[in-house]
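Please open the model in your viewer and keep a selection box at hand. The stops below are meant to be followed in order.

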Amino acid sequence: MTTPAPTAPRRPVAVAELVERLASVPGRAGRLTHLEVLPRRAADHAAWPTWVDDDVIEALGRRGIDRLFTHQARAADAAWQGTHVVVATGTASGKSLAYQLPALTAARAFRGERGRRGAATLYLAPTKALAHDQLESLLELRLDVRATTCDGDSSRDERDWARAFGEYVLTNPDMMHRSILPGHQRWASFLGSLQYVVIDECHHYRGIFGAHVAHVLRRLRRVCALYGAAPTFVLASATTAEPALTASRLTGLDVLPVDDDGSPRGEVTLGLWEPPLTSHEGENGAPVRRAASSEVADLLADLVAEDVHTLAFVRSRAGVEQVARAAADLLAEVDPSLPSRVAAYRGGYLPEERRALEAALRRGDLVGLAATSALELGIDVSGLDAVLIAGFPGTRAALWQQVGRAGRGAQDALGLLVARDDPLDTYLVHHPEALLGRPVEAQVFDPDNPHVLGPHLCAAAQEQPLTVDELDHFGPAAADVVAWLTEAGLLRRRSRGWFWTDPRRAADLTDIRSAGGSPVSLVESGTGRVVGTVDGARSHGTAHAGAVYVHQGETWLVETLDLDEHVATISMSDPGYSTSAREVTDIAILGERDHQTWGPCRVSFGDVEVSHQVVSFLKRRRPGGEVIGEEPLDLPTRTLHTAAVWWTVPDDEIAAAGLAALDLPGAGHAAEHCAIGLLPLFATCDRWDIGGVSTARHANTGELTVFVHDGHPGGAGFAERGYRAMTAWLRATREAIACCECDDGCPSCVQSPKCGNQNNPLDKAGAVALLDVLLSHAPSDEHADSPLE
Ligand SMILES: [Zn+2]
Ligand SMILES: [Zn+2]
């Protein structure tokens, strides 16, 4: 660490009184929906394990670390003994010592003669920035251990040095996939001395990305075995449900969980805040809530005026600027000297600029900062009093990570979550137990997805021909997928196994960060400048000819969409309306993988084929939103083979509940929307990762059926997780609809911003009645809700 600038002395902030003051401002009645005070927690210390290198202890001592917390000692001990371990404790609980102690000790203890490489460690971070930060803090220990990063920014010399001498190499899964594993022969000596593999922030590996990383790690273990190494895996995770299970799915190994957090914590106050409904009318006349970012700007101004050091998290970069500007404008009305005490922080600052911001914060020249996300932040902002969060950041782990930015160590802290106008946020601010109780959200991914597995089997075969015995290593689906790849001519079967004989690099078959489908480039007509890209699957709905496309605050009109070339030409133009695509969706059940019988109703999980066709688009006047025209489109149907969870309710049950036949399409549709909105409570996905279809009478079931499906070919595990948590998920869905204060449905309950049918028909009361019928037959057995098998 660099020497911190002197911190201006400040009076301690009385958090509870502060929230009272914020909430009692005239006109704000009812906005604070809950206030929870989590008590102080004392530290639980442990002695240094006897095996830890004395120089390592001394180096840590220089940084002020003179003893361990219990979770650090337990995890480090397990790793030293060769047990794979996942440490899943809170933000700032010092998880890095769990792997640094064994890794640094081993590097020094097993160093060979004449300075030959000691036992090596490979450290994987989800982002380059995190790996660089880790390297910096390692180098600050000034220990004789050869540490370096290896990523897209490394020079050829740096890579050569890492291969020849590196004892602690920090990289990322992308680099493993594209470079290190395909070129493993050049890394043979490093991989052969590999003792530890560290997977930091492993809760980031979810969905399709998680499945890719799971296979990158299987390929890594296989290549290590080739050079006689069987490294011990140490994973660090935020707190989630079932960390051991997730770690084990990710690595393919048995992993010991360490989740008793021994670090101290100051008093943490979490406030939940709901912006009011406005007088504006939204789609179909629905009421609209005030934007979370506007509310956060007000609160930020209030806190800065009180000299409370505050960080406001806002989702989009444009939103960050807007919040900082709005807060500054409000402060200008109070005192012309105040606006300069608020700033926006966007990613991509130079190190000097970051240092300057940090110093300004410490001196107290800067009191309020609006920023995007914790990971991107990358600046040291310890010593804050309060954190404002504009919209639930997607997972509980991320929420607590953001709240943890305030009051590091034993200092008291305030976190205020301001709800956005969607079903999940609305549910959370009225159900604090979902944020405070035992975590139910599981980190979900499906390594058996054949679309993900296939390219990795090809890459593995190119790295070293695949043998029959090795297929198990890649999971139960591998044998079928290898047979299919062989039939398709990608792999060739010989007596010694399967070979990759194609001239291409097999690792180029897949991009581990992409969810599939080639992205469409948005190109400015005339200049040919690439303005941005849209996901291939979403391009039909957002980049069709005639679409109005808003990119970083600028309005563009799409002129043409060429699906063969993956290019849309656009020009800057604001026609004064927005566009929304109308889509026709169909779904066919291909097979059921599992089901539960709920009385006369049935809940199923299985494979489906979803077909989408964008058929037209509506023009809506801006502002206001009234429809001023509709234009037909001629786009092909897209089909998606994926996994889905669905439920059916027979006609006589519906009749007995008094639901008139007319209400059915709207009731099913409304229940589907809200169920999609709430699935992220149970699975770490966002609502864009999943889709849904509902029909009053489905061709395959003959009954009212509501489907929620994964948005990626082959499935990402989200629908499966929904199926496993069905009772709790549907109960939460029903609650969210029933408790919403609107009359006939709004974005906080049943309206969806991604609906292809313009949120029509929707029947809010019908959805509650329908869910009541279904839930009246739900099993009372809580095992039905157990997370992942
Ligand atoms: Zn509502
Ligand atoms: Zn819809």
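Buried here means under 20% relative accessible area, exposed means over 50% and partly exposed lies in between, with a 1.4 Å probe and protein chains only. The model is predicted, so that local features need pLDDT of at least 70 and side-chain atom pairs count only at pLDDT 80 or more, while totals for chains, interfaces and linings use all residues. Residues are numbered from 1 along each chain as its sequence is written, chains are lettered from A and ligands numbered from 1 in the order in which they are written, and side-chain values use heavy atoms, with hydrogens and water left out.

Select His673 first: at 6% relative accessibility it counts as buried, and His669, also at 6%, counts as buried too. Because they are four residues apart in helix H22 (helices being DSSP runs of H or I, at least four residues, numbered from the N terminus), His669 and His673 are separated by about one helical turn. Now show the zinc ion (ligand 2), whose protein donors (N, O and S atoms within 2.8 Å of the metal, or 3.2 Å for Na, K and Ca) are His669 (NE2), His673 (NE2) and Cys755 (SG), at 2.1 to 2.4 Å.

Move next to the zinc ion (ligand 1), which is coordinated by the SG atoms of Cys740, Cys742, Cys746 and Cys749 at 2.2 to 2.4 Å. Of these residues, Cys740 and Cys749 are both buried. Along the chain, the donors of the zinc ion (ligand 1) follow the spacing C-x1-C-x3-C-x2-C.

Note on methods. Helix = DSSP H or I, 4+ residues; strand = E, 2+ residues; numbered from the N terminus.
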